[in-house]
Amino acid sequence: MVIRLIGAAGSDSLDRVSRFAHPAGDRHAEVLPEERPPHAPADLNGLDPHIWPRTAGRDGGAVTIGGADVRDLVAEHGTPLYVVDEEDFRSRCRDYREAYADGDVHYAGKAFLCRETARWVMQEGLGLDVCSGGELAVALSVGFPPERITMHGNNKSLAELERAVEAGVGHIVADSFEEIARLGFLADRHGRRPRVMIRVTVGVEAHTHEFIATAHDDQKFGFSLGSGAAAEAARRVLALPQLELVGLHSHIGSQITDTAGFEVAARRLATLLVQIKEEHGVVLPELDLGGGYGIPYVEGDTAPDVKVIADGLREIVARVAESAGLPVPRLTVEPGRSIAGRAGVTLYEVGTIKDVEGLRTYVSVDGGMSDNIRTALYGAEYTARLASRESDAEPMLSRLVGKHCESGDMVVRDLWLPADLATGDLVAVAGTGAYCRSLANNYNYLPKPAVVAVRDGESRVIVRRETEEDLLRGQL
């Protein structure tokens with residue numbers, strides 16, 4: 001077989017271009033957003049306390065978390081490495097518990113859940129949201145009180161619902177008509193009367209990424225308020241005496257930093273509460289406004305104060321209930337990211353450093369989209385620092401990239417690192433405690449990193465590092 005290349009000897013020209021391909025040029029792969037990269041920080045060694053864990057600092061130049069030197073952590077546990085500041089995580093649980101003392105706080109396990117964090121949540125007095133049989137199994141395996149568990153999910157299987165009913169979870173959030181029928185069947189079978197909430201899509205735009213906005217009608221979650229589906233869901237639950245309808249649930253999205261969207265959601269839910277009261281003579285005692293509270297990832301981001309948000313939501317719910325002529329329902333919130341996010345830091349070792357003259361320097365690390373897919377998936381932004389030492393070198397515009405076979409494999413799209421950065425240095429990425437381990441994958445057959453908890457200068461593995469044997473297990 002002879003393959004002729006365009007531009008080889010003959011009549012073909014180097015300038016000839018296919019309809020489907022064209023010469024790339026030296027900037028063809030440039031996919032920067034319209035805005036310019038951020039300005040270099042005043043201090044390349046600084047650790048903004050609003051972004052980094054509450055115990056983060058430097059000692060002898062190296063970053064410390066929970067009193068543990070990152071160099072020691074890497075020497076013992078390797079890289080990439082998820083590090084969780086236990087005191088940061090627990091203290092944010094306490095902040096929420098105190099701010100909502102007259103309501104309920106359920107930690108959203110999807111942010112990051114393992115057996116140890118489930119114990120922390122339980123010990124700090126919070127409830128727990130789960131959205132799969134696997135997450136429920138984690139909770140039950142450590143003796144989490146089932147009455148403090150809420151079961152979510154848009155497509156709960158019969159087996160998942162059955163386990164939730166058998167375990168006696170505190171709330172099951174109904175997400176479809178089929179699910180209501182299944183719950184009625186299972187309640188009869190097991191002689192239980194599960195407490196049910198209806199997930200309502202209230203048509204609120206949360207001003208967040210399309211993939212994490214969850215309250216508009218054109219998506220998979222819940223019953224539409226505007227179409228009348230939510231009111232019909234209430235009718236069907238109330239028609240089944242083996243089910244106890246206790247409230248309405250709404251979740252308007254993620255990475256939200258004010259109460260405006262929650263106020264609109266509460267007002268719209270109130271119209272349904274009134275309709276249910278007038279049609280059925282039933283006053284529902286609970287209102288769950290979900291979670292989605294944002295955290296700062298980069299300089300300039302704002303983070304809502306837990307107490308300010310709590311006071312605002314309480315005032316909103318009380319005002320809305322009063323205007324609707326209803327008793328004030330018990331308020332539940334579901335923080336996940338805002339508890340786990342800032343408690344987590346990911347450590348990487350620097351490998352290849354590639355300078356692209358006139359553009360930026362590509363800094364490759366020994367992980368990437370397998371341990372943090374959020375940058376590729378959502379365009380998430382992060383703050384990163386040279387962690388194994390301090391530097392007074394000039395700032396260098398960089399892109400922190402992974403080792404995967406994808407051009408979109410970025411950990412931090414645009415950041416400034418010191419110009420003397422070298423292979424073998426450690427880089428720490430802040431704000432990775434939520435969704436990074438939960439979304440971790442084995443792309444290119446990379447094992448998932450270990451998770452270590454740090455406190456009082458000590459570290460312990462709470463999720464062990466995967467091995468190649470783990471990757472091959474189950475293959476025939």
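A crossing of two helices counts as right-handed if the near helix is turned clockwise from the far one by less than a right angle. In this predicted model, α2 and α3 make just such a pair, with α2 passing α3 in a right-handed crossing. Helix α2 covers residues 86-99 and helix α3 covers residues 115-123; their axes come within 9 Å and cross at roughly 40°. On the α2 side, the contact is made by Glu-86, Phe-89 and Arg-90, which meet Thr-117, Trp-120, Val-121 and Gln-123 of α3. Sorted by class, that contact comes out as 3 nonpolar, 2 polar and 2 charged residues.

Next come the pockets. Rolling a probe the size of a water molecule over the atoms shows where empty space is left. The largest pocket holds about 940 Å³ of space, and 42 residues line it. Nearest the centre of this pocket sit Gly-109, Lys-110, Cys-131, Glu-135 and Tyr-435. Two elements, β6 (127-130) and α11 (374-378), give two or more residues to the lining of the largest pocket. As for chemistry, this lining breaks down into 16 nonpolar, 14 polar and 12 charged residues.

The second largest pocket comes in at about 690 Å³, with a lining of 31 residues. Here Pro-38, Val-298, Glu-381, Tyr-382 and Asp-414 are the ones nearest the centre. Helix α11 turns up again, supplying at least two lining residues, as do β16 (384-386) and β18 (410-418). Strand β18 gives the most to this lining, with 6 residues. By class, the second largest pocket is lined by 17 nonpolar, 6 polar and 8 charged residues.

A couple of backbone details are worth a look. Thr-79 and Pro-80 are joined by a cis peptide bond, with omega at about -10°. Pro-80 sits in the loop between α1 (70-77) and β4 (81-85). Further along the chain, Gln-255 is not a glycine, yet its phi is positive, at about 60°. That residue, Gln-255, belongs to the loop between β11 (244-249) and α8 (260-280).

Finally, a word on confidence. The average pLDDT for the protein is 90, and 89% of the residues score at least 70. Two stretches fall under 50. Over residues 1-34 pLDDT stays under 50, and the model has 24 contacts beyond four places in sequence for this stretch. Residues 207-216 also stay under 50 in pLDDT, and for them the model has 28 contacts beyond four places in sequence.

Notes:
Residues are numbered from 1 along each chain as its sequence is written. This is a predicted model: local features need pLDDT of at least 70, side-chain atom pairs count only at pLDDT 80 or more; totals for chains, interfaces and linings use all residues. Side-chain values use heavy atoms; hydrogens and water are left out. On a 1 Å grid over the protein atoms alone, a cavity is a set of points where a 1.4 Å probe fits but cannot get out, and a pocket is an open set with protein on both sides within 12 Å along at least five of seven lines; lining residues have an atom within 4 Å of a point. Grid points are joined across faces, edges and corners, and a volume is the space filled by probe spheres set on the points. Helices (H or I, at least four residues) and strands (E, at least two) are DSSP runs, numbered from the N terminus. Ala, Val, Leu, Ile, Met, Phe, Trp, Tyr, Cys and Pro count as nonpolar, Asp, Glu, Lys and Arg as charged, and the others, Gly among them, as polar. Axes are lines fitted to C-alpha atoms, for helices over the stretch in contact, and angles run from 0 to 180 degrees between N-to-C directions. Contact means heavy atoms within 4.5 Å. pLDDT is the predictor's confidence in each residue, from 0 to 100.
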